[in-house]
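Here is a walk through the charges, patches and backbone quirks of one protein chain. Have the sequence and the 3D view open as you read.

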Amino acid sequence: MITDLLISNSVSENIRKSQEEKALIVARTVSKSHIVINALEDRESSAAIQDYTKEIQTATNVLFIVVMDMNGIRLSHPNQELIGKAFVGGDEKAALKGKEYVSTSRGTLGKSVRGFTPIYNDKNEQIGAAAVGISLKSLETALGRSHKNIIIVTFLGLLIGTIGAIMLARYIKKILLGLEPFAISRILEERSTMLQSVHEGIIAVDHTSTITLVNKSALQIFKKAGLSQKPVGMKIYDYMPSTRLDHVLKTGQPELDEEQTINGVSILVNRVPLIVNGEVVGAISTFRDKTEVNQLAEQLTGVRTYAEALRAQSHEFMNRLHVISGMVQLKSYDQLTAFIRTLVDYRNQEFGSITQHIKDPALAGFIMGKLSYAREAKVDLSIECTSIIPEPAENKTTHELITILGNLIDNAIEAIEDSEDKTVEVNFSYKDEWLTIEVFDSGPGISSEQQKEIFRKGFSTKGKNRGYGLYLVQKSIMDLGGELVIDSKLLLGTNFYIKIPYEAKEVGK
């Protein structure tokens, strides 16, 4: 309704101005006519004015055209009988004084809009005036038609707009998966809070490699690496040149459990493409500080190793108890006494030798557990120490040694599973802050081709989900700054030689 009112007023005003301009234009045309000017100066030819104005009136479809002299006497009029009489309306006086204007007044033909123009002769003397009238009734009819058209157009506009709004709403709702705006807002807030609360660092890019998301954990790692704290909006390769996230965008292939260094800070990274409807629309990377992961891995490795050692010792102890129980039931007391004496002497000798030479309690306990595990597997495992092995200055060294020895001894026991000679030897030597370890097994050996592959992550000849032991061994040796040499010959066994820097713990600390 308001729109209709505003448009109607605007259109009415434009139509009225148009009609007023039309009246003035016709009046000017008449005032410039030589027929009119000559007739006003020569009253005997005044009849020519009536014929001329009648022709103009018909052509322009106006209500009337009146030419008057300086006394306001009509020389032309649609009604022949009114010629020679004074102009009616009272609004002609200003025109007889040389003024051009538009007015509204009632005359003999009813109320009309009138355009007045003075008439001048060749000497620029005013000799009369021309008045052109347009009926207000016809003006109102034109306005009515315009208003009707406005209403029709407005209704059609509303109808089309409503249909378009409904279709647009359905399309938007489909895009938004049927969610209302408040639900989208709530989900966005929840997702944002979740991403910021995750302990892993998260960084995401769009299809143009522009960074769109970075959470708090990522910013903390980037701060440690000396990077800007406002990466959003930057290109990923400008912000972090060492990344491969732009490569994942191009290939659409994920890269999992990769190591990356950012200005000296090592991180473990997973990079995954974001695929929507079969098209790569971005990529996301999650990562953690490698130091934290190493600490966690060390703890888990130690706990698993200690648990295995305790299990093996417990199993061996239960076997001994079963033997003792059987001898008691058989009342073989002499044999029982000898068995217990032999067992105690052997255990004391074995454990005494280990604790006497290996001063790190955790490493010594681990080796004792491996001895029990080897006996359970019916493998002859011998531990030899040519010198005292002091306790290391850092706990990290103990964890890495447990990882190295645990995997090498386990691999050696597995290697001789089908061999007649089931021998595994571990020799320790410490000199000038260097620890040397030799692990030998009497297994079938390792071919030269396999020796090139055995340290590769995931490589195994024993089936799927294997091939991590020797990879971890090499990694731990590299982390300690040590060296590893393999000497293996088919059917003659395998020797692993390890040499690592080993700083002893100061006494009293």
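What follows is a short tour of salt bridges, surface patches and a few single residues.

## Before we start

Keep in mind that this is a predicted model. Every number below is computed from it.

## Salt bridges that span the chain

Side chains of opposite charge can pair when their charged atoms come close. In this structure there are nine salt bridges. Let's start with D91 and R114, whose side chains meet in one of them, at 3.2 Å from N to O. The pair links distant parts of the chain, 23 residues apart: D91 sits in the loop between β1 (64-68) and β2 (101-107), while R114 belongs to strand β3 (residues 110-120).

Are these two partners buried or exposed? Both D91 and R114 are buried. For R114, the relative accessible area is 2%, and the cut-off for buried is under 20%, so the label fits. The same two side chains also show up as a polar contact, again at 3.2 Å.

Next comes R288, which forms a salt bridge with E200; their closest N and O atoms are 3.7 Å apart. Which parts of the chain does this pair tie together? R288 is in strand β9 (residues 279-289) and E200 is in the loop between α5 (181-197) and β5 (201-206), so the bridge joins parts that are 88 residues apart in sequence. Here the accessibility labels read otherwise: R288 counts as partly exposed because its relative accessibility is 23%, and E200 is partly exposed as well, with a relative accessible area of 29%.

## A bridge within one helix, and a network

K475 and D479 give us a local example. Their side chains meet in a salt bridge at 3.6 Å, N to O. Both residues lie in helix α14 (residues 469-480), and they are four residues apart, which is about one turn of the helix. K475 has a relative accessibility of 18%, so it counts as buried. D479, with a relative accessible area of 33%, is partly exposed.

There's also a shared arrangement to look for: R244, E255 and R271 are joined into one network by salt bridges that share partners.

## Two surface patches

Now turn to the surface. Which residues form the negative patch? They are D380, E384, E420, D421 and E425. Of these, E425 is found in strand β11 (residues 423-431), and it counts as partly exposed because its relative accessibility is 33%.

A nonpolar patch covers about 710 Å² and is made by I152, F155, L156, L159, I160, I163 and M167. Take F155 as your way in: this residue lies in helix α4 (residues 136-175). With a relative accessibility of 53%, F155 counts as exposed.

## Around D441 and A47

D441 is found in strand β12 (residues 434-441). Its relative accessibility is 6%, so D441 counts as buried. Where does the side chain of D441 reach? To the backbone nitrogen of G443, at 2.9 Å.

A47 is another residue to click on, in helix α3 (residues 47-60). A47 is exposed, with a relative accessible area of 52%. Its C-alpha atom is separated by 8.2 Å from that of S76, and the two residues are 29 apart along the chain.

## Positive phi in two loops

Most residues other than glycine have a negative phi, and most peptide bonds are trans. That makes a useful backdrop for the next two residues. D432 has a phi near 55°, a positive value in a residue other than glycine. You'll find D432 in the loop between β11 and β12. At 63% relative accessibility, D432 counts as exposed.

What is the phi of L491? It is near 70°, again a positive value in a residue other than glycine. L491 is found in the loop between β13 (483-489) and β14 (493-501). The relative accessible area of L491 is 75%, so this leucine is exposed.

Technical notes:
Residues numbered from 1 in each chain as written. Predicted model: local features only at pLDDT ≥ 70, side-chain atom pairs only at ≥ 80, totals over all residues. Heavy atoms only, no water. Patch = residues over 30% accessible without salt bridge, like charges linked within 9 Å, V, L, I, M, F, W, Y side chains within 5 Å. Areas by Shrake-Rupley, 256 points an atom, 1.4 Å probe, with all protein chains shown as cover. Salt bridge = Lys/Arg side-chain N within 4 Å of Asp/Glu carboxyl O. Lys, Arg positive; Asp, Glu negative; His and termini not counted. Charge placed at Lys NZ, Arg CZ, Asp CG, Glu CD. Buried < 20%, exposed > 50% of the residue type's maximum accessible area, 1.4 Å probe, protein only. Polar contact = N/O pair within 3.5 Å; in protein donor to acceptor, adjacent residues only side chain to side chain.
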